[in-house]
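Subject: Handing over the structure

Hi,

Here is the structure I promised to pass on. Have a look at it first, then read my notes underneath.

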Amino acid sequence: MKKLCFLLVFVFLLAGCQATPTFETVDDVYAPQPQSAPRGIALELPEDVQTIAGDSGKLYLCDGYDVTVQTLSAGDLNATVQSLTGFAPDALTMLQTAAADARRYECVWTAAGESGDAVGRAVVLDDGQYHYCVTVMAQADRAGELTEVWQELLSSVRLS
């Protein structure tokens, strides 16, 4: 009996030696990260252009065509393409390539305007935070002769 009492006292003493578990605290609230400032858009324009600057971007009036440069918030590429072209992206053929530091999207569209049919091309660079957009537009009857000029101009679009 004495051994049983000694054993019970020993077991009770050891039961108090167990370490209390510690738990890692987890916060379920998403803390948004501050958005960095947008980068610049670099491109090679002809020498004799008129520039009209606004809050949302710049418009360059070139010889027979217009170039629009603007930066939009990223997240919804469909909304960006629709605001640039007037068409939903599934109505256009979007060409996606990888640029050095962003995804590059290109498309072509035609539209009817007050002065006749117009042809436009767009390039969108997506770095994950912003959509850097460059569009060119001209009358449809001049678009064929501007193909090489537009190709050079749009190939030069990059982030600075």
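Below is what turned up, going from the overall fold to single residues.

**The fold.** One thing to keep in mind from the start: this is a predicted model. The chain has 160 residues, and 29% of them are buried. Its secondary structure comes to 4 helices and 9 strands. If you walk along the sequence, the pattern you meet is α-β-β-β-β-α-β-β-β-β-α-α-β. Among the contacts with a separation of 6 or more, 48% are between residues 24 or more positions apart.

**The cores.** The largest nonpolar core holds 23 residues, and Leu43, Tyr65, Val67, Val134, Leu153 and Val157 are the ones with the most contacts inside it. Two or more residues come from each of β4, β7 (116-126), β8 (130-139) and α4 (147-155). Of these, β8 gives the most, with 5 residues.

Val134 is a good place to click if you want to see how this core is put together. Leaving out residues up to four places away in sequence, Val134 touches Ile41, Leu43, Val67, Thr68, Val69, Arg121, Ala122, Val123, Leu153, Leu154 and Val157. Apart from the big core there is another one, of 5 residues, including Val81, Cys107, Trp109 and Ala122.

**The pocket.** The largest pocket encloses about 160 Å³ of space. Its lining is made by Ile41, Leu43, Gly54, Ser56, Gly57, Lys58, Tyr60, Val69, Gln70 and Thr71. The elements that supply two or more of these residues are β3 (57-61) and β4 (65-73). By type, the lining splits into 4 nonpolar, 5 polar and 1 charged.

Gln70 is worth a closer look here, as one of the lining residues. This glutamine is found in strand β4. Is Gln70 buried or exposed? Gln70 counts as buried, because its relative accessibility is 18% and the cut-off is under 20%. Beyond its neighbours within four places in sequence, Gln70 is in contact with Ile41, Ser56, Gly57, Leu84, His131, Tyr132 and Cys133.

**The cysteines.** How many disulfides does a search of the whole structure find? The count is 0. Take Cys107, which is in no disulfide: the nearest cysteine sulfur belongs to Cys133 and is 9.9 Å away. Seen from the other side, the closest cysteine sulfur to that of Cys133 is in Cys107, and at 9.9 Å the two are too far apart for a bond, since a disulfide needs the sulfurs within 2.5 Å. Both residues are tucked away from the surface: Cys107 is buried at 6% relative accessibility, and Cys133 is buried with a relative accessible area of 1%.

Cys62 sits in the loop between β3 and β4. This loop residue is buried too, with a relative accessible area of 12%. Setting aside neighbours within four places in sequence, Cys62 is in contact with Pro46, Val49 and Val67. Its C-alpha is 6.9 Å from that of Gln50, a residue 12 places apart from Cys62 in sequence.

**Helix α2.** Two residues of this helix caught my eye. Leu77 lies in α2, which covers residues 77-85. Outside its neighbours within four places in sequence, Leu77 is in contact with Tyr105, Val124 and His131. Leu77 and Tyr130 are 53 residues apart along the chain, with 10.0 Å between their C-alpha atoms.

Thr85 lies in α2 as well. At 9% relative accessibility, Thr85 counts as buried. With neighbours within four places in sequence left aside, Thr85 is in contact with Leu92, Cys107 and Trp109. Two of those partners, Cys107 and Trp109, are also among the residues of the 5-residue core. The C-alpha atoms of Thr85 and Ala111 are separated by 8.7 Å, and the two residues are 26 apart along the chain.

If you only have a few minutes, start with Val134 and its contacts in the core, then turn to Gln70 in the pocket lining, and finish with Cys107 and Cys133, with their sulfurs 9.9 Å apart.

Cheers

Definitions and conventions. Residues are numbered from 1 along each chain as its sequence is written. This is a predicted model: local features need pLDDT of at least 70, side-chain atom pairs count only at pLDDT 80 or more; totals for chains, interfaces and linings use all residues. Side-chain values use heavy atoms; hydrogens and water are left out. On a 1 Å grid over the protein atoms alone, a cavity is a set of points where a 1.4 Å probe fits but cannot get out, and a pocket is an open set with protein on both sides within 12 Å along at least five of seven lines; lining residues have an atom within 4 Å of a point. Grid points are joined across faces, edges and corners, and a volume is the space filled by probe spheres set on the points. Ala, Val, Leu, Ile, Met, Phe, Trp, Tyr, Cys and Pro count as nonpolar, Asp, Glu, Lys and Arg as charged, and the others, Gly among them, as polar. A nonpolar core is a set of buried Ala, Val, Leu, Ile, Met, Phe, Trp, Tyr and Cys residues joined through side-chain atoms within 4.5 Å. Buried means under 20% relative accessible area, exposed over 50%, partly exposed in between (1.4 Å probe, protein chains only). Contact means heavy atoms within 4.5 Å.
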